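Have the structure open in the viewer and make each selection in turn. The stops run from a strand pair to the sheet around it, and then to helices.

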Amino acid sequence: MNSRTVWIDSSASQRYRFHDDHPFHPIRLMLTERLLRQADALRPSQILDSLQAEAAEIAVRELHRPDYVDAVQALSAEKPAAEAIRRAAEFGLQQDGDTPYFPCMHEAALSVVAGSLAAAEAVMSGAAGRALHLAGGLHHAFPERAAGFCVYNDAAAAISMIRRKYGARVLYVDTDVHHGDGVQWFYYTDPDVFTFSIHETGKFLFPGTGFAHERGESSGYGACLNVPMEPYTEDESWLECFETALHAAIASFRPDVIVSQHGCDAHAFDPLAHIHCSMRIYREMPRIIREAADRYTEGKWVALGGGGYDHWRVVPRAWSLLWLEMSGHPLLAAIDAAEAGHPLPADWPSADLGECPPRMPDRWLDDTAVWTPMPRRAEITANNKKMLELALQHLG
């Protein structure tokens with residue numbers, strides 16, 4: 001088992017930026033990397049360059065419909081042609097939508113794909129046991145259109161490369177609060193790619209899918225598992241459902257490699273969802289995945305970023321905890337021993353990072369004892385258990 005963990009450089013992917021007020025902002029990447037450096041938890045020897053854009057272009061054109069890729073390229077101009085603008089809505093790229101076009105969009109999105117391909121190649125080639133690409137995880141993109149801040153589906157590109165080049169069975173694990181719809185539909189009939197998504201129920205949240213009855217079709221039936229959570233779900237219920245479902249998926253599917261998406265927008269502070277979890281789930285879910293990879297896939301684990309829209313208080317801590325788990329950093333032992341009491345670096349956040357929100361957390365984990373308890377906790381937990389039982393009925 002290769003214990004080396006690599007961090008895929010995401011500096012080129014920071015061009016993936018819609019506009020200053022858009023919630024999907026690359027400041028998240030910069031803040032996470034800075035927190036890890038201030039915690040002395042990210043070394044230059046762990047950083048691996050992304051692949052060249054040419055490889056990403058080939059992967060994108062194999063995955064996405066040609067007219068869609070051509071439209072993305074046309075809308076990437078500094079001043080797109082009138083015909084390209086007129087047709088932008090056909091491809092989910094209208095300026096007043098969630099995923100507006102912007103200059104150099106095609107090149108920026110290719111950088112994201114290149115990073116995820118590099119992570120997958122590092123693990124599958126044996127150069128590393130685990131790889132993290134935080135700029136990746138654009139799980140809502142479809143073959144023919146953009147959606148939910150996602151232009152090209154880098155997760156699907158990485159999975160397809162693994163299948164084509166290495167013939168490995170892939171378990172895709174999506175922990176974003178929004179259903180991983182794009183990846184699911186890419187592989188809905190494929191028996192060799194298992195998609196598992198835990199998320200807030202689509203009854204109340206974008207993209208409105210990810211229900212327990214979505215189980216795959218044709219030869220892919222049974223290789224799709226969705227566990228939708230009730231609004232205001234808290235840590236205990238979320239983690240119980242996640243761990244139970246993940247173990248069931250692995251026992252049923254027996255993967256060769258895990259590819260996971262780590263949106264961190266199920267936190268109570270996130271402005272775009274209604275789940276009420278704390279930083280604890282972002283400490284525990286990576287541990288659960290790592291233990292599963294060590295037991296079932298000889299440690300092979302490719303991790304990607306995703307959503308997360310409280311840029312300062314949540315994302316840097318959540319993604320740093322992911323890296324600490326993947327890299328086996330000793331800081332985790334101190335965090336676990338102190339529970340919610342272990343302090344963040346004294347100079348975090350430093351003044352040169354810009355203006356941060358008031359009342360920034362000064363600990364790695366949240367002290368939920370001071371949070372107002374959620375009403376209907378017992379009812380929410382019971383409903384989640386029923387949904388989990390329903391979701392698991394089709395697994396062998």
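Start by selecting Val-6, whose bridge partner in strand 3 is Ala-131. This is a predicted model, in which local features need pLDDT of at least 70 and side-chain atom pairs count only at pLDDT 80 or more, while totals for chains, interfaces and linings use all residues. Residues are numbered from 1 along each chain as its sequence is written, and side-chain values use heavy atoms, with hydrogens and water left out.

Widen the selection to strand 1 (residues 5–8) and strand 3 (residues 130–133), which pair in the parallel sense over 3 bridges. Strands here are DSSP E runs of at least two residues and helices are H or I runs of at least four, numbered from the N terminus; two strands pair if DSSP finds at least two bridges between them.

Next, show the whole sheet: 8 strands, open, parallel in pairing, in the order 2-1-3-8-7-4-5-6. Its edges are strand 2 (47–48) and strand 6 (224–229), each paired on one side only.

Now select helix 1 (residues 27–38). Its 12 residues reach 16 Å from first C-alpha to last, close to the expected 16 Å, which is 1.5 Å times one less than the number of residues. Of these 12 residues, 9 are buried (under 20% relative accessible area, 1.4 Å probe, protein chains only). Among them are Ile-27, Leu-31 and Leu-35. What do the buried residues of helix 1 pack against? Display strand 1 and helix 10 (315–327) to see their partners, with contact meaning heavy atoms within 4.5 Å.

Finish at Asp-40, just after helix 1, where phi is positive at about 55°.

Terms used:
Buried < 20%, exposed > 50% of the residue type's maximum accessible area, 1.4 Å probe, protein only.
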